[in-house]
Amino acid sequence: MRLTILGCSGSIPGPNAAASGYLIEADGFVLGLELGNGTLARLQALRDPFDLDALILSHLHPDHCADVSALTVLRRYHPALPYPARPRRLPVYGPSDVRERLTYAYAANEDERATTDLTDVFAFETLRCEPMKIGPFEVTAVPVDHPTPAFGLRFAHGGKTLAYTGDTGVCDNLTDLAGGADVLLSEASWTDSPDRPAGVHLSGKEAGELGRKAGVGRLLLTHVAPWTDRDAVLAEAAVAFPAAELVEQGAVYDL
């Protein structure tokens with residue numbers, strides 16, 4: 001299993017830095033995880049976007065799904081569409097309102113929404129809490145604590161497990177999500193402070209404590225906001241998990 005970081009800027013894209021977007025690959029299957037602002041450009045720099053076999057959106061805030069609108073244009077209007085060699089409709093997994101949310105993001109008004117619901121280019125599926133088979137991966141979605149319906153995700157393949165927190169505050173489900181994972185890709189949006197609102201994001205300290213409590217093999221920190229001191233976030237996490245790492249745009253990790 002291979003993890004590629006398309007973008008890792010938290011909440012908004014940063015200077016020359018895309019928002020959340022990742023690729024998870026195994027056995028020739030390319031699974032997109034999030035497609036936030038700027039990530040389609042990064043994807044095109046690395047490979048043909050038509051290589052995507054499926055896409056998962058953990059939740060529907062723009063920094064995790066904004067570039068689906070651009071992907072719609074690509075898959076609908078590219079002058080050299082690879083159909084039927086590649087499937088016309090890309091499977092997209094997300095919360096129960098994923099089709100409606102992405103349609104409203106793409107179509108500018110009611111007249112346009114009356115003629116398109118994006119189902120000509122996407123096959124929408126709702127994330128479920130029981131294990132799902134997506135390509136070669138067993139994928140389990142776990143509800144987490146965020147202002148909108150949101151999921152953490154656990155990917156299993158070939159005896160290896162990658163856990164991803166998505167966007168979340170501290171909640172009981174996180175320990176089960178991450179338990180014993182070979183790699184935990186954890187958001188760490190800000191430094192720790194009692195003034196932080198509950199049910200939004202993890203601090204570096206909280207991400208480190210999660211990694212230790214869950215007994216993960218490797219802790220990768222992502223989703224640090226552009227206005228946050230990345231070194232301070234890492235230092236917090238390292239108190240509980242000394243080997244914690246900050247991911248970088250373009251980095252590749254093999255499990």
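User: Let's take "buried" to mean under 20% relative accessible area. What share of the 255 residues of the chain counts as buried?

Analyst: Good place to start! Keep in mind that this model is predicted. The accessible surface of the chain comes to about 10,600 Å², and 50% of that belongs to carbon and sulfur atoms. Counting the buried residues among the 255 of the chain gives a share of 55%.

User: What radius of gyration does the chain have, and what would a compact globule with 255 residues have?

Analyst: The C-alpha trace spans about 50 × 40 × 35 Å along its principal axes. For a compact globule with 255 residues, the radius of gyration would be near 18 Å. The chain agrees with this, because its own value is 17 Å.

User: How many helices and strands are there in the chain, and which strands stand at the edges of the sheet that contains β1?

Analyst: The chain has eight helices and 14 strands. Seven strands make an open sheet of mixed pairing, in the order β6-β5-β4-β3-β2-β1-β14. An edge strand has a single partner, so one of its sides is left without a neighbour in the sheet; here that applies to β6 (122-126) and β14 (252-254). On average, and ignoring direction, neighbouring strands of this sheet are turned against each other by 20°.

User: And which strands stand at the edges of the sheet that holds β7 to β13?

Analyst: This sheet is also open, with mixed pairing, and its seven strands come in the order β7-β8-β9-β10-β11-β12-β13. Look for strands with a single partner, because one side of each then lacks a neighbour in the sheet. That search leads to β7 (132-134) and β13 (245-246).

User: Do β8 and β9 run parallel or antiparallel, and which residue stands opposite Pro143?

Analyst: Strands β8 (residues 137-143) and β9 (residues 151-157) are joined by six bridges. Their directions are antiparallel. Across from Pro143, in β9, you will find Phe151.

User: Which residue of β12 stands opposite Glu187, and how many of the residues of β12 are buried?

Analyst: β11 and β12 pair through five bridges in the parallel sense. Glu187 has Thr222 of β12 opposite it. Helix α7 (residues 204-214) lies across both β11 (183-187) and β12 (218-222), at about 160° to β11. As for cover, β12 is mostly hidden, and of its five residues the number buried is four.

User: Which strands does helix α1 lie across, and at about what angle to β1 does it run?

Analyst: Helix α1 covers residues 39-46. The strands it lies across are β1, β2 (21-26) and β3. Its angle to β1 is about 130°.

User: Is Thr4 buried or exposed, and which residues does it touch?

Analyst: Thr4 sits in strand β1 (residues 2-7). Its relative accessible area is 6%, so it is buried. Setting aside residues up to four places away in sequence, Thr4 touches Gly21, Tyr22, Leu23, Glu25, Leu46, Ala251 and Val252.

User: How far apart are the C-alpha atoms of Gly32 and Asp51?

Analyst: Gly32 belongs to strand β3 (residues 29-35) and is buried, at 2% relative accessibility. Beyond its neighbours within four places in sequence, Gly32 is in contact with several residues, including Tyr22, Leu52 and Ile56. Asp51 is 19 residues away from Gly32 along the chain, and their C-alpha atoms are separated by 9.9 Å.

User: What is the phi of Glu34, and what is the phi of His223?

Analyst: Most residues other than glycine have a negative phi, so positive values catch the eye. Glu34 lies in strand β3 and is buried at 0% relative accessibility, while His223 lies in the loop between β12 and α8 (230-240) and is buried at 1%. Both phi values are positive: about 70° for Glu34, and for His223 about 65°.

User: Is the peptide bond from Tyr83 to Pro84 cis or trans?

Analyst: Pro84 is found in the loop between α3 (68-77) and β5. Most peptide bonds are trans. With omega near 0°, the bond from Tyr83 to Pro84 is cis.

User: Which feature does UniProt place at residues 45-223?

Analyst: That stretch is 26% helix and 25% strand, with its end C-alpha atoms 21 Å apart. The feature comes from an unreviewed UniProt entry, where it is listed as "domain: Metallo-beta-lactamase".

How values were computed:
Residues are numbered from 1 along each chain as its sequence is written. This is a predicted model: local features need pLDDT of at least 70, side-chain atom pairs count only at pLDDT 80 or more; totals for chains, interfaces and linings use all residues. Side-chain values use heavy atoms; hydrogens and water are left out. Two strands pair if DSSP finds at least two bridges between them. Helices (H or I, at least four residues) and strands (E, at least two) are DSSP runs, numbered from the N terminus. Contact means heavy atoms within 4.5 Å. Axes are lines fitted to C-alpha atoms, for helices over the stretch in contact, and angles run from 0 to 180 degrees between N-to-C directions. Buried means under 20% relative accessible area, exposed over 50%, partly exposed in between (1.4 Å probe, protein chains only). The radius of gyration is taken over C-alpha atoms; the globule rule is 2.2 Å times the number of residues to the power 0.38. Accessible areas come from the Shrake-Rupley method with a 1.4 Å probe; for residues, only the protein chains shown count as cover. UniProt positions are given in the numbering used here, feature names are shortened, and annotations may be inferred rather than shown by experiment.
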